[in-house]
Amino acid sequence: MDVTFQFDWEAAFASIPFLLKGIPYTLLISFGGLAIGFLIGILFGLLRISPVIWLRVPAIAYIEIFRGTPVLVQVLFIFYGLPQILGGPINALVAGIAAIAVNSGAYISEIVRGGVQSIERGQREASLSLGLSRVQSFRYIIWPQAFRRMIPPLGNQGIISIKDTSLFSVIGVGELVRQGQVYIATTFNALEVYLMVALLYLAITLSLSFALRLLERKGLVGQ
Amino acid sequence: MSRDDTHADADPIVHMDKVNKHFGELHVLKDIDLAVASGEVVVVIGASGSGKSTLIRCINGLEEFQAGHIEVDGNELLPDGKSGRALQKIRTEVGMVFQQFNLFPHLSVLDNVTLAPMKVRGWSRADATETAYRLLERVGIADQADKYPSQLSGGQQQRVALARALAMEPRLMLFDEPTSALDPEMIGEVLDAMRELAREGMTMIIVTHEMGFAREVADRVVFIDRGEIVEQAAPVTLFDSPQQERTRSFLSRVLKH
């Protein structure tokens with residue numbers, strides 16, 4: 001019996017138009033979730049370093065809970081669990097975006113905290129000594145410098161979150177992996193189709209890496 | 001001495017009264033009484049860890065103190081950082097130059113100097129820029145205005161830091177070991193700029209290890225040891241005929257080399 005396997009290039013390429021339909025969902029969940037996660041991260045990252053304990057403790061609790069539980073469980077909880085409280089179903093796309101938002105938000109909080117704390121004490125002292133208020137000191141001196149240092153870890157988090165959206169095929173949202181599964185169910189070309197799926201993820205993550213590298217290079221002026 | 005007496009008649013711009021500071025167990029400042037008159041140049045000397053930097057950092061509230069009181073240009077600083085709005089008023093009127101320059105690395109030299117006048121004093125960009133160029137000219141680095149701090153030498157950076165502080169038109173300037181982080185060949189250019197400032201009548205409190213500079217520029221030298229003001233006098237008196245044994249021993253150590 002012939003055991004050599006022929007990779008079917010034709011089948012691989014044929015699957016692409018169908019797979020591409022998943023890309024808008026993957027991008028929407030990733031970047032929608034990351035955008036909200038970034039806002040959450042700024043808020044909770046700053047609360048995390050607040051001198052006021054009753055602001056700090058809730059921030060620590062949020063970060064630990066959402067960093068310490070799998071994003072798959074989080075999305076299942078949101079999609080299947082929350083409707084029992086809310087009394088109505090949640091759109092799968094919304095559930096996906098929410099899961100990425102709260103999950104990446106926890107990691108980004110720590111990135112924000114690390115970035116802000118990495119700025120030398122002298123920067124704050126110099127700005128305060130010039131009469132700038134604490135808010136002005138943060139806005140004009142600390143944050144711009146901290147943000148530059150945050151770009152590489154934010155890029156990492158972006159790539160991780162993009163890949164995390166692949167898990168959301170379980171709630172039936174038609175993102176890349178889901179499209180692949182549906183396609184394979186009729187054609188049985190698992191090898192070819194999953195390879196194409198993998199390459200499409202790679203195309204998205206490489207584009208992000210490239211964009212971040214440009215941003216970082218631009219931000220290097222004066223550092 | 002004669003200049004000292006003239007200053008002593010004037011209303012002090014800084015008045016520290018029984019100021020005490022603790023770092024946990026450590027008693028860093030002990031009953032500090034210090035009055036500085038408008039236009040006076042006071043140099044604070046002492047070994048590292050003696051509390052001299054802490055002393056001047058209390059004046060603009062970068063350090064809190066636990067007892068006593070400090071008045072700066074009519075604004076009162078209270079113990080434990082409870083000064084409220086007075087603190088910001090003081091910082092607006094008091095400039096500071098740091099050992100490590102602390103320039104803002106993400107801003108050009110020009111933006112370093114114009115930021116505070118625009119954001120704190122509400123000046124227009126045009127006014128702030130004009131003042132910045134005048135000050136950069138004065139410290140000899142107007143041609144570097146578009147560069148970033150990292151592109152300048154240490155001496156140039158410290159002169160930018162001086163211009164940045166002066167742009168707020170302070171009534172008092174604090175210097176916290178302004179030449180200690182500089183290569184030897186760059187110390188002179190920073191001291192020259194400070195010397196000129198003193199000549200123009202700026203009130204200055206300077207923490208430094210440059211004894212030659214202290215002798216030349218100071219109206220009064222304050223020697224501090226283990227958090228206490230041990231002795232203060234005109235430089236000639238303090239350097240040539242110190243009254244206290246601790247002063248003599250410190251001076252013999254630093255002046256030997």
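The second largest pocket of this predicted model is lined by 15 residues, and those nearest its centre are Ile49(A), Pro51(A), Arg124(A), Arg134(A) and Phe138(A). Its volume comes to about 510 Å³. Three helices of chain A, namely H5 (92–117), H6 and H7 (134–164), each supply at least two residues of this lining. Of the contributing elements, H7(A) gives the most, with 5 residues. Sorted by class, the lining of the second largest pocket holds 8 nonpolar, 3 polar and 4 charged residues.

The largest pocket, for its part, has a volume of about 700 Å³. A total of 23 residues line the largest pocket, and the residues nearest its centre come from both chains: Leu128(A) and Arg134(A) from chain A, with Gly61(B), Leu87(B) and Arg91(B) from chain B. Readers following individual side chains may like to note Arg134(A), which is listed among the residues nearest the centre of the largest pocket and also among those nearest the centre of the second largest pocket. At the level of secondary structure, helix H6 (121–129) of chain A and helix H3 of chain B each supply at least two residues of the lining of the largest pocket. The class make-up of this lining is 7 nonpolar, 7 polar and 9 charged residues.

Attention now turns to the interface between the chains. Here 24 residues of chain B are in contact with 21 residues of chain A. The size of an interface is often given as the accessible area lost when the parts come together. For chain B and chain A the buried area is about 1,900 Å², with 61% of it on carbon and sulfur atoms.

Specific interactions across the interface can be listed as well. The count between chain B and chain A is 1 salt bridge; it joins the side chains of Arg57(B) and Glu125(A), with an N to O distance of 2.7 Å. Polar contacts across the same interface amount to 7 residue pairs, with both residues of each pair at pLDDT 80 or more. On the side of chain B that touches chain A, at least two residues apiece are supplied by helix H3 (85–93), strand E6 (94–97), helix H4 (109–119) and helix H6 (154–166) of chain B. The residues on that side of chain B comprise 14 nonpolar, 6 polar and 4 charged. Helix H3 of chain B thus appears in two settings, supplying residues to the side that touches chain A and to the lining of the largest pocket.

How values were computed
Residues numbered from 1 in each chain as written. Chains lettered and ligands numbered in written order. Predicted model: local features only at pLDDT ≥ 70, side-chain atom pairs only at ≥ 80, totals over all residues. Heavy atoms only, no water. Contact = heavy atoms within 4.5 Å. Buried area = accessible area lost by both parts, 1.4 Å probe. Salt bridge = Lys/Arg side-chain N within 4 Å of Asp/Glu carboxyl O. Polar contact = N/O pair within 3.5 Å; in protein donor to acceptor, adjacent residues only side chain to side chain. Helix = DSSP H or I, 4+ residues; strand = E, 2+ residues; numbered from the N terminus. Nonpolar A, V, L, I, M, F, W, Y, C, P; charged D, E, K, R; others polar. 1 Å grid on protein atoms, 1.4 Å probe; cavity = no way out; pocket = protein on both sides within 12 Å on 5 of 7 lines; lining within 4 Å. Points joined across faces, edges and corners; volume = space filled by probe spheres on them.
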